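Visitor: I would like to learn how to read helix packing, burial and backbone angles in a model. Please take me through some cases.

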Amino acid sequence: MNPFIDMIRFTPNEKTYYRRSLAPTVAFLAVMFVAAALVRQNRADWPFEILVLLALLPVLPMAWVMKVYIDYFQACDEWEKLIEIYGICIGVLAVGMVYFALGLLGLFKLVVLDGTWLAYGMLPAVMLVYTLGKVVGRWRHG
Amino acid sequence: MKNIVRERRELQGWSQGELAERLAVSRQTINAIETGKYDPSLPLAFKLARLFTAPIETLFDDEA
């Protein structure tokens, strides 16, 4: 078996996780689209509390994705958990360091930062670097 | 850690997938153990030893 192919092949647990996370991911994209449209269109008409609830609606499908991930992690065997830990550690530490560096640049007024996009982009950034971290884990221990 | 898991598995005529199923782990875990890229935990090492009816020290060599 080609070691590179084997390195990127999904385990049965991973296949189950990706299959189970498809619905909440689609739900997240749909809710995000609808919430954004509704909030933008009704800013003047609706009470602030309703707009806040609408803006936070995408959190629900994202929480569903997180629950699916927790179930997946609990079902992982010891090697799979090691690879997940590589992903989580590298994802969180690398993104954390980048955010820290950006914060320093902003603190010293060397860059102008859009806090909204920084806050919103943190979770996708962690997810992306987590995937790269898993590749590192599989390369070392696969 | 060096090990003879692959040799013992092949003696039994099992595939990596079959061994993985018997041990309730993924095939990739078995592959990682056989290639020496991952050292199993003690419970998993004991499971392997019982499955192959061999002492752990026979299956694994820590090269000490």
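Guide: What follows goes through helix pairs, then single residues. This is a predicted model, in which local features need pLDDT of at least 70, side-chain atom pairs count only at pLDDT 80 or more, and totals for chains, interfaces and linings use all residues. Residues are numbered from 1 along each chain as its sequence is written, chains are lettered from A and ligands numbered from 1 in the order in which they are written, and side-chain values use heavy atoms, with hydrogens and water left out.

Visitor: How are two packed helices described?

Guide: Two packed helices are described by the angle between their axes and the distance between the axes. Axes are lines fitted to C-alpha atoms, for helices over the stretch in contact, and angles run from 0 to 180 degrees between N-to-C directions. Helices (H or I, at least four residues) and strands (E, at least two) are DSSP runs, numbered from the N terminus.

Visitor: At what angle do H2(A) and H4(A) cross?

Guide: H2(A) and H4(A) cross at roughly 175 degrees, and their axes come within 8 Å. The pair is therefore roughly antiparallel; angles under 35 degrees count as roughly parallel, over 145 as roughly antiparallel, 65 to 115 as roughly perpendicular and the rest as oblique. Contact means heavy atoms within 4.5 Å. Residues of H2(A) that meet H4(A) include A:Tyr17, A:Phe28 and A:Val31, and those on the H4(A) side include A:Trp64, A:Val65 and A:Val68. By class, this contact has 14 nonpolar, three polar and three charged residues. Ala, Val, Leu, Ile, Met, Phe, Trp, Tyr, Cys and Pro count as nonpolar, Asp, Glu, Lys and Arg as charged, and the others, Gly among them, as polar.

Visitor: Which residues bring H2(A) and H3(A) together?

Guide: A:Ala35, A:Leu38 and A:Val39 of H2(A) meet A:Leu51, A:Leu54 and A:Ala55 of H3(A). The classes are six nonpolar, no polar and no charged residues. H2 (residues 12-41) and H3 (residues 48-56) of chain A pack at about 155 degrees with axes 8 Å apart, and are therefore roughly antiparallel.

Visitor: Why are H4(A) and H5(A) called oblique?

Guide: Helices H4 (residues 59-75) and H5 (residues 78-107) of chain A pack at an angle of about 135 degrees, with their axes 8 Å apart, and are therefore oblique to each other. Among the residues that meet are A:Tyr69 and A:Phe73 in H4(A), with A:Glu84 and A:Ile88 in H5(A).

Visitor: Is A:Val68 buried or exposed?

Guide: Buried means under 20% relative accessible area, exposed over 50%, partly exposed in between (1.4 Å probe, protein chains only). A:Val68, in helix H4 of chain A, is buried at 2% relative accessibility. Leaving aside neighbours within four places in sequence, A:Val68 is in contact with A:Tyr17, A:Arg20 and A:Ser21.

Visitor: What does A:His141 touch?

Guide: A:His141 lies in helix H6 (residues 115-141) of chain A and is buried, at 17% relative accessible area. Not counting residues up to four places away in sequence, A:His141 touches residues including A:Trp79, A:Tyr86, B:Ala32 and B:Tyr38. A polar atom of the A:His141 side chain lies 3.0 Å from the backbone oxygen of B:Lys37.

Visitor: Which sign does phi have in most residues other than glycine?

Guide: Most residues other than glycine have a negative phi. A:Lys109 has a positive phi of about 55 degrees. A:Lys109 is in the loop between H5 and H6 of chain A and is exposed at 73% relative accessibility. B:Thr53 also has a positive phi, near 40 degrees. B:Thr53 is in the loop between H4 (42-51) and H5 (56-59) of chain B, exposed with a relative accessible area of 70%.

Note on methods: A polar contact is a pair of N or O atoms within 3.5 Å; within protein, one must be able to donate a hydrogen and the other to accept it, and residues adjacent in sequence count only if both atoms are side-chain atoms.
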